[in-house]
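Please read the points below beside the sequence and the coordinates. They are ordered from the whole chain down to single residues.

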Amino acid sequence: MSNEETNQKPSEMNPEDLPEVRAFQDEFTRSFLQSIEETEAGYYPFLSGTGAYQMDFPAGGIVGERGYALKESEYEGYLIGVDNNNGTESSINFIYDDYKKSSNKENYLDNLEKRLGLNVKFEKIINDNQSLYVTYFERSEDTFTFAGYVQNELSPGGIQVIHETGCLNSIENCIDVKESSKKEIINWMQSIQYVEKEDESECYVMSGRILNTNEMRLRLIDLEYENLSEEQLIEQIKIIYIEEYGEELTANIDVFHSSESTLVANNNSGYDGTALYFYSEENYINEVYVISQGTQDMVDWEYNLEAMFAGLNYSQAEKTRDFVTDFKKEFNIDEISVPVIGLSHSLAHNNNTTAHLAFDIFDKVYSINGAQTNYYQLYYTDDDFAFKVRSNFSISRIDPYAIYNIDPQQLRTFAENYYADKAENIHQLISEDDPLYAISGVRGFFTLGEVDYYDTNPDFPGLRTLMEDIPDPVIKDFQELAVQYTVSSQRGGMQAAIQDILGVNLKVFDEVDMLNVYPPTCSSEKIEKQL
């Protein structure tokens, strides 16, 4: 074979000239392999579809094409099926995310542990520019698993990898294979290496995330509350972009407000938001940011009570979903894959996160001081979650309020585990002095995702400890009132709800007020009766 043929990528070579191993016989797998020269016996060089990392690829492995997922250089997920040629088969699950920072790796390890469904201990193996965390366990006599997390220490980026091997022959043979394979698999995990980028400053444009800093995202969220015209909003975004990045924004911007949406406008939920579509074919920019508004008026405050405390209302989350559906048609992107990123504050975090968990409409969600999502609310929003809750806790579908009798800590843990995978795409900044943080520890609320906490007022302890001292039965009593209010208001409005709870008919006060302006039109006996 000539040197020219040796330097060719396998995908460019004549199939007859390729090694007669399983990895090269599969066309899709072959597209990732960089050479026909072995890195070591039985392994070949593999480059991720994101270009972010490389590794040794087993000769008996195939990348599953149907299950392969890629979003620019942001995310990659896939399965590798391996025939080990020793009486065992392996399944290797890879998930890469480009946002994962070294400072939060403990959270990522916790997420991996929840995904495994086991209490495990990770062994840390440090290389020059990255850290590898590995654990080993056996689910049965004929299977054994290595799970690992690889953190890039130079720039954001993290990989979850789960390597599970099953024995096809006798248990005795399986024991021998386990011992001989352990060192080989650890060495293989250490072959996963991040590829250093020559010009890190250009990565944010190519990665599909042009608004890639907290400062930029927070300033966009703030703009949503200024009620600017479309022209003013676009102008302000361009100015802020220059201030934050020191260069002009090389993308077009289209704006679509919820008031223009046929699915959202004139709705009674109170949802309000704006979609910003950034696009430039020349600069490989194509992404949408949805800025949902937080609490603004009495309608929102009533929704806060019914949705986040009672857990019975999810109409704003549904309208968030409808808004995303509508703007995709408006921007003519409903048939193509475009990253959709949610930006939110206060109530809007609950809307965006609930919509993300229940309807899978966002690729990522970024929030500041958000009202946390509620597992009671998700029970009524997400049918799949509700089914799992009923199955796990053996509660009746007939009783719609049976979920409130489940131990809240057990239900919280169950919800955290159930949504652990989607939680990896949620990112929050939270002030420990914010009132919403204070109440986020009571029954119903649970905090998901990567969270950076800030003590914005070190001289004061905040309200969280005070809320934590309130016994759960007291919170439950208030919650039952909120449930009663919600059910009654949905039947007859706010006045009906207050009358059901307090026994007071507010209409009588209207009639009393009228007495001060107009001659009495009803007897004092009638007013007494109403009071």
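The points that follow concern a predicted model.

1. Overall content. The chain is divided into 20 helices and 18 strands. Of its 531 residues, 49% are buried. Among contacts with a separation of 6 or more, 59% link residues 24 or more positions apart.

2. Main core. The largest nonpolar core comprises 43 residues. V288, V290, F327, F385, V389 and I403 have the most contacts inside this core. Two strands, β13 (273-280) and β14 (285-292), are among the elements that each supply at least two of its residues. The helices that do so are α10 (315-330), α11 (347-359), α12 (375-381), α13 (383-393) and α14 (408-418). With five residues, α12 gives the most to this core. In soluble globular proteins, nonpolar side chains tend to be buried together.

3. Surroundings of V288. Which residues does V288 touch once its neighbours within four places in sequence are left aside? The contacts of V288 include A275, L276 and Y277, and these three positions fall within the range of β13, 273-280. V288 also touches F327, another of the residues with the most contacts inside the core. The remaining partners of V288 are I333, V338, P339, V340 and I341.

4. Second core. A separate core of 41 residues is also present. Its members include F24, I92, I125 and I192.

5. T373. This residue sits in the loop between β16 (364-370) and α12. Is T373 buried or exposed? The cut-off for buried is under 20% relative accessible area, and T373 counts as buried because its relative accessibility is 2%. The side chain of T373 makes a polar contact of 3.2 Å with the side chain of T354. Beyond its neighbours within four places in sequence, T373 is in contact with N350, T353, T354 and L357, and these four positions fall within the range of α11, 347-359. Other contacts of T373 are L378, G444, F445, F446 and L448.

6. Cavity. One cavity of 30 Å³ or more is found in the structure. The largest cavity holds about 30 Å³ of space. Its lining consists of Y99, Y108, N111, A423, E424, I426, G449 and E450. By class, the lining of this cavity has four nonpolar, two polar and two charged residues.

7. Second largest pocket. This pocket encloses about 530 Å³. There are 22 residues in its lining, and K71, D360, F362, D363 and N425 lie nearest its centre. The elements β6 (88-97) and α15 (420-423) give two or more residues each to the lining. The lining of this pocket has eleven charged, eight nonpolar and three polar residues.

8. Positive phi values. Which backbone angles deserve a look? D360, one of the residues nearest the centre of the second largest pocket, has a phi near 60°, a positive value in a residue other than glycine. D360 lies in the loop between α11 and β16. N227 likewise has a positive phi, near 50°, and is not a glycine. The loop that holds N227 runs between α7 (214-224) and α8 (230-245). N227 counts as exposed because its relative accessibility is 66%, the cut-off for exposed being over 50%.

How values were computed:
Residues numbered from 1 in each chain as written. Predicted model: local features only at pLDDT ≥ 70, side-chain atom pairs only at ≥ 80, totals over all residues. Heavy atoms only, no water. Core = buried A, V, L, I, M, F, W, Y, C linked by side-chain atoms within 4.5 Å. Buried < 20%, exposed > 50% of the residue type's maximum accessible area, 1.4 Å probe, protein only. Contact = heavy atoms within 4.5 Å. Polar contact = N/O pair within 3.5 Å; in protein donor to acceptor, adjacent residues only side chain to side chain. 1 Å grid on protein atoms, 1.4 Å probe; cavity = no way out; pocket = protein on both sides within 12 Å on 5 of 7 lines; lining within 4 Å. Points joined across faces, edges and corners; volume = space filled by probe spheres on them. Nonpolar A, V, L, I, M, F, W, Y, C, P; charged D, E, K, R; others polar.
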